[in-house]
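Here's a friendly tour of one protein model. Have a look at the picture first, then read on.

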Amino acid sequence: MCIRDSWPIYEHSLKDSDLSDNFEFTSTRNRLSNISNTRIKLNGDWSEHQLQYSSKLWQLVNFVFQLTTLGFLELDLNRSNLTDEGCAAIALTLQNCPFLSSLHLQMTGTYITDEGISFISDELYRLPLKDINLNLDETKLTDQSLFSLSASLHQLASDLETFILRLANTQVTDFGIIDISNTLSSFSSLSRLCLLLYWCNKVTDKFGERLADQIPKVHGLTHVTIDFRRTSVTLDVVNKIRRQKTPKHLKFDIYVQ
């Protein structure tokens with residue numbers, strides 16, 4: 001069991017009753033301020049609260065500023081009206097998390113753009129991250145977001161162990177995926193890699209060929225998951241990847257249409 005699984009959990013679901021002007025994290029902050037490792041999960045359906053969700057994220061910033069020992073942060077913002085302003089709030093939150101080792105951001109179907117991802121990426125390299133899980137499905141993100149992430153990861157001083165990136169139905173292409181995969185291949189500590197590219201039809205054999213060359217060279221990997229469904233990667237290249245000689249301990253899951 002991961003150490004973080006035993007951490008105290010503060011889970012707050014933002015429901016209609018919470019979206020009032022006087023909602024604050026004060027009582028929870030007072031209760032958790034002395035805990036060395038705290039896991040926070042913030043979730044809820046904000047689809048009908050276009051004007052109010054942003055203020056809640058800024059309240060989260062003020063809350064986390066009191067928890068300088070925060071080790072795990074998970075924000076479930078799927079299907080919300082999250083925009084780049086919300087990403088700026090998240091980035092400001094990360095500035096006050098010097099011990100953060102696990103970051104999970106769930107942002108499927110939101111209104112974020114490359115600028116919002118750039119805000120967040122600019123803070124990642126400052127953190128001792130070992131576990132990054134980004135769900136960016138069904139957004140308007142392009143290669144520029146991957147370039148921002150890659151540049152930050154390139155400066156990451158910690159030993160990254162898990163990297164999960166969901167990009168289904170986005171505008172990313174071979175260039176962005178190759179850039180970030182090149183950066184990830186430099187982490188000898190990386191054991192879990194997951195790239196979900198479902199319906200990214202601008203991802204082609206160019207990335208597939210590069211992946212076939214890279215996989216045997218990353219010796220620390222124990223589990224790799226690649227989703228090529230509804231991409232432009234051909235079955236010939238997928239079979240080439242599968243034929244690569246890999247370590248016996250490596251579990252390799254690859255999905256095609």
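What follows covers the core, the aromatic pairs, a strand-helix-strand unit and the cysteines.

Keep in mind that this is a predicted model. Let's start inside. The largest nonpolar core has 58 residues, and Phe163, Leu165 and Phe228 touch the most other members. Helix α6 (residues 174-184) gives the most to this core, with four residues. Phe163 has plenty of company: leaving aside residues up to four places away in sequence, its contacts include Ile132, Leu153, Ile180 and Leu184. As a rule of thumb, nonpolar side chains in soluble globular proteins tend to be buried together.

Now for the aromatic rings. A search of the whole structure turns up two aromatic pairs. Here they are:

| Pair | Centre to centre | Angle between planes | Type |
|---|---|---|---|
| Tyr198 and Trp199 | 5.6 Å | 75° | edge-to-face |
| Phe207 and Phe228 | 6.0 Å | 75° | edge-to-face |

Phe207 sits in helix α7 (residues 205-214), while Phe228 lies in the loop between β8 and α8, so this pair links parts of the chain 21 residues apart. Are these rings buried or exposed? Phe207 is buried at 0% relative accessible area, and Phe228 is buried at 0% too. Tyr198, at 28%, is partly exposed, and Trp199 is partly exposed at 40%.

Next, the strands. β8 (residues 223-227) and β9 (residues 251-255) pair in the parallel sense over five bridges, with Val224 standing opposite Phe252. Together with helix α8 (residues 235-243), they make a right-handed β-α-β unit.

Last, the cysteines. How many disulfides does the structure hold? Zero. Cys87 is buried at 0% relative accessible area, and Cys97 is buried at 0% as well.

Conventions. Residues are numbered from 1 along each chain as its sequence is written. This is a predicted model: local features need pLDDT of at least 70, side-chain atom pairs count only at pLDDT 80 or more; totals for chains, interfaces and linings use all residues. Side-chain values use heavy atoms; hydrogens and water are left out. Two strands pair if DSSP finds at least two bridges between them. Helices (H or I, at least four residues) and strands (E, at least two) are DSSP runs, numbered from the N terminus. A crossover is right-handed if, with the strands pointing away from the viewer, the path from the first strand over the helix to the second runs clockwise. A disulfide is a pair of cysteine sulfur atoms within 2.5 Å. Buried means under 20% relative accessible area, exposed over 50%, partly exposed in between (1.4 Å probe, protein chains only). A nonpolar core is a set of buried Ala, Val, Leu, Ile, Met, Phe, Trp, Tyr and Cys residues joined through side-chain atoms within 4.5 Å. Contact means heavy atoms within 4.5 Å. Rings of Phe, Tyr and Trp (its six-membered ring) pair if their centres lie within 6.5 Å; planes under 30 degrees apart count as stacked, over 60 as edge-to-face and the rest as tilted.
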